[in-house]
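Here are some exercises to work through at your own pace. Try each task on the structure first, then follow the solution step by step.

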Amino acid sequence: MTKKHLLFSGNNAWGMYNFRHELLRHFVEKGYRVSVSAPYDEEQFRMLRELGCEVYPIRMRPRGTNPLHDFSLFLQYYWLMRKLKPDMSITYTIKPNIYASWAAHLHKIPFLPVTTGLGYVFLKKTPATSLAKRLYKHAFSKAERVWFLNSDDLRLFREARLVSNALVEQLPGEGVNLDFFAETPMPPADQPITFLYVGRILRDKGLEEFIYAARWLRKRYPQVRVQMLGAMWPENPAAIPQRQMEAWQREGVVEYLGFKHDVRPYLQAAHCVVLPSYREGIPCSLMEGAAMCRILVATDVPGCRDVVLDEQNGYLCRPRHWKSLAHAMERVIKLSPKEREAMGRCGREWMLERFDLHLVIKRYEQMINDTLAKRQAHHKH
């Protein structure tokens, strides 16, 4: 009996591995043939192969709007699917969700687009936004289901009539492994309060506001530590330049910890995880922080507000507003050790209830099994 074949596609191999390696490993271990397509990345492709996945490089400009490049991308997906003939295509991020979906439809391959966040194109109202909406509407009309990671994106698509109500479902993010990100006590009471940002070093993550807030806080509470952990992303137009980060470090306003594969020691040493982003899908850094019983401070924007229960497991602040962010961080400083522990525990309980990775994997399994069973029944007739 031939193995069932799943093709997963995204706009970068780093995201496919970092956000979904446990999902991919699960299906490999279940005996599926698992393929991943993404732009070439030597290290991430090696790690995906080590999981047991086949990898297929795709040339893509995730932020480009050149129609010739996009048509070339569609053709790449068309020929890849013709060659692989997967039983199902599962896609993430804007361009794979649109162009791989079209290619799958033409080959009569069932497909599931997962809207992981609306990305930069929805942050501003431009001609690219209205074009993206039209492309989404066309691509999603033929999907088996359309999954969204947060309630705001789902509502936006429904209200704009970009997707049929019968197709949409909300998935609780990418899920968080609650065994790996285990419950840990807060740092000892004599340790300075530590705020930690975990993520890519980009402007639209609100990092300039984070620096302003850090300056304001450190004038009032000189012992407070403010840290950033994550990869510099020089090819991204929203990247913070290396020289800017070096200037902030010289100023003493922030400690830059670089990129680490295992973030747990840094989460364990922090009291609070901060994400002042302008828009998210469902932020893994907040889920991982909450899983380890850390307080959360984040902007009141799509994605963040699904994870942060204001005044219960953390505080929400105004987006693009450093003073509001600084005041939310100050509230963490003013809590007693007992109050910090209680808020952290509340976050862990919320992860257990809603964002447990096992719940997410079950949803995928159910969806894939139902789709493949339906397809088999259709072929029999």
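**Exercise 1.** Find the accessible surface of the protein chain and the share that belongs to carbon and sulfur atoms.

*Solution.* Step 1: the accessible surface, from the Shrake-Rupley method with a 1.4 Å probe, comes to about 17700 Å². Step 2: of this surface, 51% belongs to carbon and sulfur atoms.
Before you go on, note that this is a predicted model, where local features need pLDDT of at least 70, side-chain atom pairs count only at pLDDT 80 or more, and totals for chains, interfaces and linings use all residues. Residues are numbered from 1 along each chain as its sequence is written, and side-chain values use heavy atoms, with hydrogens and water left out.

**Exercise 2.** Compare the radius of gyration of the protein chain with that of a compact globule.

*Solution.* Step 1: the radius is taken over C-alpha atoms, and the globule rule is 2.2 Å times the number of residues to the power 0.38. Step 2: for 381 residues a compact globule would have a radius near 21 Å, and the chain agrees, with 21 Å. Step 3: the C-alpha atoms fill a box of roughly 70 × 40 × 40 Å along the principal axes. Step 4: 56% of the 381 residues are buried (under 20% relative accessible area, with exposed over 50% and partly exposed in between; 1.4 Å probe, protein chains only).

**Exercise 3.** Work out the strand order of the sheet that contains E1, and name its edge strands.

*Solution.* Step 1: helices (H or I, at least four residues) and strands (E, at least two) are DSSP runs, numbered from the N terminus, and the protein chain has 14 helices and 13 strands. Step 2: two strands pair if DSSP finds at least two bridges between them. Step 3: 7 strands form an open, parallel sheet in the order E3-E2-E1-E4-E5-E6-E7. Step 4: strand E3 (54-57) and strand E7 (168-170) are the edges, each pairing on one side only. Step 5: strand E2 (residues 33-38) is joined to E3 by 4 bridges, and Val36 stands opposite Val55 in E3.

**Exercise 4.** Which strands form the sheet that contains E8, and why are two of them edges?

*Solution.* Step 1: the order of this open sheet of 6 strands is E10-E9-E8-E11-E12-E13, with parallel pairing. Step 2: strand E10 (255-256) and strand E13 (314-317) each have a single partner strand, so one side of each is left without a neighbour in the sheet. Step 3: strand E8 (residues 194-198) pairs with strand E11 (residues 272-275) over 2 bridges, and Cys272 in E11 is the bridge partner of Phe195.

**Exercise 5.** Classify the ring pairs Phe27 with Tyr32 and Trp147 with Tyr364.

*Solution.* Step 1: rings of Phe, Tyr and Trp (its six-membered ring) pair if their centres lie within 6.5 Å; planes under 30 degrees apart count as stacked, over 60 as edge-to-face and the rest as tilted. Step 2: by this rule there are 18 aromatic pairs. Step 3: the centres of Phe27 and Tyr32 are 5.2 Å apart and their planes stand at 90°, so this pair is edge-to-face. Step 4: Trp147 and Tyr364 are also edge-to-face, at 4.9 Å centre to centre and 80° between the planes. Step 5: Trp147 in strand E6 (residues 146-148) and Tyr364 in helix H14 (residues 357-380) are 217 residues apart, so to speak a link between distant parts of the chain. Step 6: Trp147 is buried, with a relative accessible area of 1%, and Tyr364 is buried at 2%.
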